[in-house]
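Subject: Structure handover

Hello,

Here is the structure for you to look at. My notes on what turned up follow below it.

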Amino acid sequence: MIEPLTTETPSGSCCSAPMTPDQAEELSVVFKALADPVRLRIASIVACCPAGEVCVGEIAAEFELTGPTISHHLRKLREAGILASERRANEVYYFVRPERIEHLMGPLAGMRSTARTPSRC
């Protein structure tokens, strides 16, 4: 049986147990969504916007892609829980879901370790 790592991480927390199958599945969905360069760039554009949200027209203007292709990528990012959207009149605005990103980072943070030498489980 794999024993939990007890080395303190830089953030002060400790890895209490390996990632569960459900956590791994949930993270893999996000990684699959972000593995596409267009989607990664879209997420970056939205996350870096000083207003905290970007309308779909502004996102589309950054790419030489058709509207349906941009919509497809935005849908994949919404399905993965990375982005959320809100319709206002004739425009749709996208924003990052920080609580979702924080929730997903938890299992990854447990993988950090100050240990630099191989050890046994």
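Arg88 has Glu91 of β3 as its bridge partner. Keep in mind that this is a predicted model. β2 and β3 run antiparallel and are joined by six bridges. They form a hairpin, with two residues between them.

One turn residue deserves a look. Ala89 sits in the loop that links β2 and β3. Its phi is positive, near 55°, and Ala89 is a residue other than glycine. Is Ala89 buried or exposed? The relative accessible area of Ala89 is 74%, so Ala89 counts as exposed, the cut-off being over 50%.

Now the rest of the sheet. The sheet is open and has three strands, in the order β1-β3-β2, with antiparallel pairing. β1 (54-55) and β2 (83-88) are the edge strands; each has a single partner strand, so one side of each has no neighbour in the sheet. Strand β3 (residues 91-96) pairs with β1 over two bridges, again in the antiparallel sense. On the β1 side, Val54 has Tyr94 of β3 as its bridge partner. As a reminder, strands of a sheet pair through backbone hydrogen bonds, either parallel or antiparallel.

Next, the rings. How many aromatic pairs does a search of the whole structure find? The search finds zero. Charges do sit over rings, though. Arg88, the β2 residue bridged to Glu91, places its charged end over the ring of Tyr93, 4.3 Å from the ring centre. Arg41 lies over the face of Phe63, and here the distance to the ring centre is 4.7 Å.

Last, a pocket. The second largest pocket holds about 210 Å³ of space. Its lining is made up of 13 residues, and those closest to the pocket centre are Val30, Leu34, Ile82, Ile101 and Met105. Which elements give two or more residues to this lining? They are α1 (21-34), α2 (37-48) and α5 (98-109). What is the make-up of the lining of the second largest pocket: nonpolar, polar or charged? The lining has 13 nonpolar residues, no polar ones and no charged ones.

If you open the model, three places to start are the turn at Ala89, the ring of Tyr93 with Arg88 over it, and the nonpolar lining of the second largest pocket.

Best wishes

Conventions:
Residues numbered from 1 in each chain as written. Predicted model: local features only at pLDDT ≥ 70, side-chain atom pairs only at ≥ 80, totals over all residues. Heavy atoms only, no water. 1 Å grid on protein atoms, 1.4 Å probe; cavity = no way out; pocket = protein on both sides within 12 Å on 5 of 7 lines; lining within 4 Å. Points joined across faces, edges and corners; volume = space filled by probe spheres on them. Helix = DSSP H or I, 4+ residues; strand = E, 2+ residues; numbered from the N terminus. Nonpolar A, V, L, I, M, F, W, Y, C, P; charged D, E, K, R; others polar. Phe/Tyr/Trp six-rings, centres within 6.5 Å; stacked < 30°, edge-to-face > 60°. Lys NZ or Arg CZ within 6 Å of the ring centre and 35° of its normal. Pairing = 2+ DSSP bridges. Buried < 20%, exposed > 50% of the residue type's maximum accessible area, 1.4 Å probe, protein only.
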